[in-house]
Amino acid sequence: LTGPKPRLEADLHWLELSAPVDAEAVDEVVSLLGRYSHGSPVIEEKASPAPGERPFIVKAYLACDGSLASKKRRLFHDLERLPSPYVPQLQERLLNPEDWSKAWKAHFLPHKVGEHIVIRPSWHSYNPSPSEIVIELDPGMAFGTGLHPSTRLCLLRLERHLEAGMPALDLGTGSGILAIAAAKLGASPVLALDIDPIAVKVARANTRANGLGEIVEVKRGTLSPKMAAGLRGHFALVVANITARVIAELAESLALVLKPGGRLIAGGITGQGLDEVLICLALAGLRAEAIDRDGEWHTVMARGAQRA
Ligand SMILES: C[S@@+](CC[C@H](N)C(=O)[O-])C[C@H]1O[C@@H](n2cnc3c(N)ncnc32)[C@H](O)[C@@H]1O
């Protein structure tokens with residue numbers, strides 16, 4: 001059997017990597033560590049750095065699971081390719097589960113994305129204005145706090161294109177953040193899929209916490225050709241924030257489940273994978289209408305043909 005093995009969330013230890021950097025190197029180091037970190041790296045600014053001390057610290061968290069050694073190897077390999085003034089002296093700290101929980105929770109605060117969407121960690125209160133849509137979230141071990149550029153780019157597109165009553169699919173739902181945002185922006189019904197059993201558990205809990213249990217269905221799985229055939233022409237909007245490779249591989253299935261003229265918002269695409277995605281989407285009959293970018297992350301908005 002392939003696929004992710006269930007992890008013992010409560011027992012997992014974490015490796016905190018701290019990289020002291022100068023202001024010019026922050027974006028590059030955040031983007032590099034972000035390829036390996038669980039969620040977005042966090043940036044701390046020193047109030048009064050000592051002379052010669054680098055004023056920013058970028059911190060990334062890696063789960064101490066079976067993938068740690070290979071992740072570290074690739075990360076150090078990538079670091080060596082940075083321009084030499086940017087290369088940070090990485091410090092490592094092993095965190096037990098409680099310390100990790102405290103460390104990342106301290107950086108996850110209510111934050112606004114776009115015009116109306118506010119992400120509120122479930123342990124924080126927030127007083128919304130009448131025009132704000134609040135998403136309550138506890139991402140736990142799943143990806144999707146809304147802080148990562150790829151999630152943010154998808155949220156911005158959802159805010160722009162969703163209309164009430166649109167059936168929507170969120171492929172690779174993680175914490176459920178995009179499915180919940182879609183439902184709160186009026187999409188209905190919403191199907192949320194993820195291959196990771198932990199993400200499914202977390203997304204279900206978040207969906208319920210937002211009172212959307214009736215609108216959002218969270219299921220374990222992916223858009224296999226069989227599933228896509230059963231959902232042919234079903235969705236007015238599909239969002240898939242995963243990786244370039246997965247989107248390229250599933251391009252035909254993604255195109256098949258769209259209604260004529262429906263929109264695909266595909267994220268998690270680095271510059272390197274963009275061409276492959278654009279070619280596969282075009283071969284599947286989808287027309288790329290916009291490419292949004294934040295650092296190395298790209299989101300492609302593509303449309304199906306108007307007629308089936
Ligand atoms: C980058 S996270 C995105 C989470 C969330 N949607 C967001 O935008 O923040 C990608 C998610 O896709 C899931 N995933 C990876 N490959 C997949 C596949 N082939 N089908 C469905 N989900 C997949 C992962 O388990 C992970 O939860």
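Which residues surrounding the ligand are the closest? Select the ligand and its shell, and you will have 17 residues on screen. The closest of them are T151, G172, D194, T222 and N241. Keep in mind as you go that this is a predicted model.

**Stop one: the ligand's polar partners**

Stay with T151 and show its side chain: an N or O atom there sits 2.7 Å from an oxygen atom of the ligand. Next, pick T222, where a polar side-chain atom is 2.7 Å from a ligand nitrogen. Now add the backbone of T173, since one of its polar atoms lies 3.3 Å from a nitrogen atom of the ligand. If you switch on a surface here, note that the ligand taken alone exposes 600 Å², of which the protein buries 85%. Colour the shell by residue type and you get seven nonpolar, eight polar and two charged residues.

**Stop two: a cis peptide bond**

Move to S188 and P189. The peptide bond from S188 to P189 is cis, with omega near -10°. Most peptide bonds, by contrast, are trans. To place P189 in the fold, look at the loop between α5 (177–184) and β9 (190–194).

**Stop three: a salt bridge**

Across the whole structure, a search finds 13 salt bridges. For one of them, select D78 and R35, whose closest N and O atoms are 3.0 Å apart. This pair links distant parts of the chain, with the two positions 43 residues apart in numbering: D78 belongs to helix α2 (residues 68–80), while R35 is in the loop between α1 (26–34) and β2 (42–45).

**Last stop: confidence**

Finally, colour by pLDDT. The chain has a mean of 91, and 96% of its residues reach 70 or more. Residues 1–8 have pLDDT below 50, and beyond near neighbours in sequence this stretch makes eight contacts in the model.

Terms used. Residues numbered from 1 in each chain as written. Predicted model: local features only at pLDDT ≥ 70, side-chain atom pairs only at ≥ 80, totals over all residues. Heavy atoms only, no water. Near = heavy atom within 4 Å. Polar contact = N/O pair within 3.5 Å; in protein donor to acceptor, adjacent residues only side chain to side chain. Areas by Shrake-Rupley, 256 points an atom, 1.4 Å probe, with all protein chains shown as cover. Nonpolar A, V, L, I, M, F, W, Y, C, P; charged D, E, K, R; others polar. pLDDT = per-residue confidence, 0-100. Contact = heavy atoms within 4.5 Å. Helix = DSSP H or I, 4+ residues; strand = E, 2+ residues; numbered from the N terminus. Salt bridge = Lys/Arg side-chain N within 4 Å of Asp/Glu carboxyl O.
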